[in-house]
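The following exercises are to be worked through with the sequence and the model at hand. Each task is followed by its solution.

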Amino acid sequence: RLQDIVGGLPKLRDCSFSSSLLTDEGVIHLAMSCPGLETLNLAGCRSISNAAIASLVQCRALKELYLGFNDQLTDAAFTGLSEGCWPEMETLYLEGLRLLSDTGFSSLARACPSLVAVHCKATNMTDEAVWMLCQLCPSILKLDIGDCSVTDRSLVAISEHLPSLTHLWCEMNDAVTDYGI
């Protein structure tokens, strides 16, 4: 069982379960057993829910978190995060999380003040969330807001608050309707 494996690996720093059948129970046990995790890839893990993500607050050393392509994750996964609870977080990969709204994005921005790369392609991110992200995370260097509901207002926020930005992806792909969700 996963619990038995990770329980014996307290020094585990990098872990990938991308597109696996990992469940909430496994993620919760991982968070409790390996609080020093720095990189966690749960992209495409469709059997995990908000409870699993909420348990990751125990992993304060997280630097990279990959959660893309999960049709169960909602704002509730992030609304309980305290301000600055992930002080080391540099990379968030949220591509395809269609159930997140501005509330969830705002919670993440408050929880992760050191973000450098944010990938929100094909989410419901709006101008309001982009403004919040830009104001609370001014160290962002890479931002992917392609296929989101953003307008010129987001570009104004980006230009005003992210002067060090090196990569920006804003493309729209109206022809694509299936993001693998």
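**Exercise 1: Backbone angles**

F69 is placed in the loop between strand 3 (64–66) and helix 4 (76–79). The model is a predicted one.

Task: State what is notable about the phi of F69, and determine whether A122 is buried or exposed.

Solution. Step one: most residues other than glycine have a negative phi. Step two: the phi of F69, a residue other than glycine, is positive, near 60°. Step three: A122, likewise not a glycine, has a positive phi of about 60°. This residue A122 belongs to the loop between strand 5 (117–119) and helix 6 (127–136). Step four: buried means under 20% relative accessible area. A122 has 0% relative accessibility and therefore counts as buried.

**Exercise 2: The sheet**

Task: Give the order of the strands in the open sheet and name the edge strands.

Solution. Step one: seven strands, paired in parallel, form the open sheet in the order 1-2-3-4-5-6-7. Step two: strand 1 (14–16) and strand 7 (167–169) each pair on one side only, so they are the edge strands. Step three: strand 1 is joined to strand 2 (residues 39–41) by three bridges in the parallel sense. D14 has T39 in strand 2 as its bridge partner.

**Exercise 3: The core**

Task: Identify which helix gives the most residues to the largest nonpolar core.

Solution. Step one: this core has 53 residues, and L40, L42, L56 and W86 have the most contacts inside it. Step two: helix 6 gives the most, with five residues. Step three: beyond four places in sequence, L42 is in contact with residues including F17, L56 and Y66.

Methods:
Residues numbered from 1 in each chain as written. Predicted model: local features only at pLDDT ≥ 70, side-chain atom pairs only at ≥ 80, totals over all residues. Heavy atoms only, no water. Helix = DSSP H or I, 4+ residues; strand = E, 2+ residues; numbered from the N terminus. Buried < 20%, exposed > 50% of the residue type's maximum accessible area, 1.4 Å probe, protein only. Core = buried A, V, L, I, M, F, W, Y, C linked by side-chain atoms within 4.5 Å. Contact = heavy atoms within 4.5 Å. Pairing = 2+ DSSP bridges.
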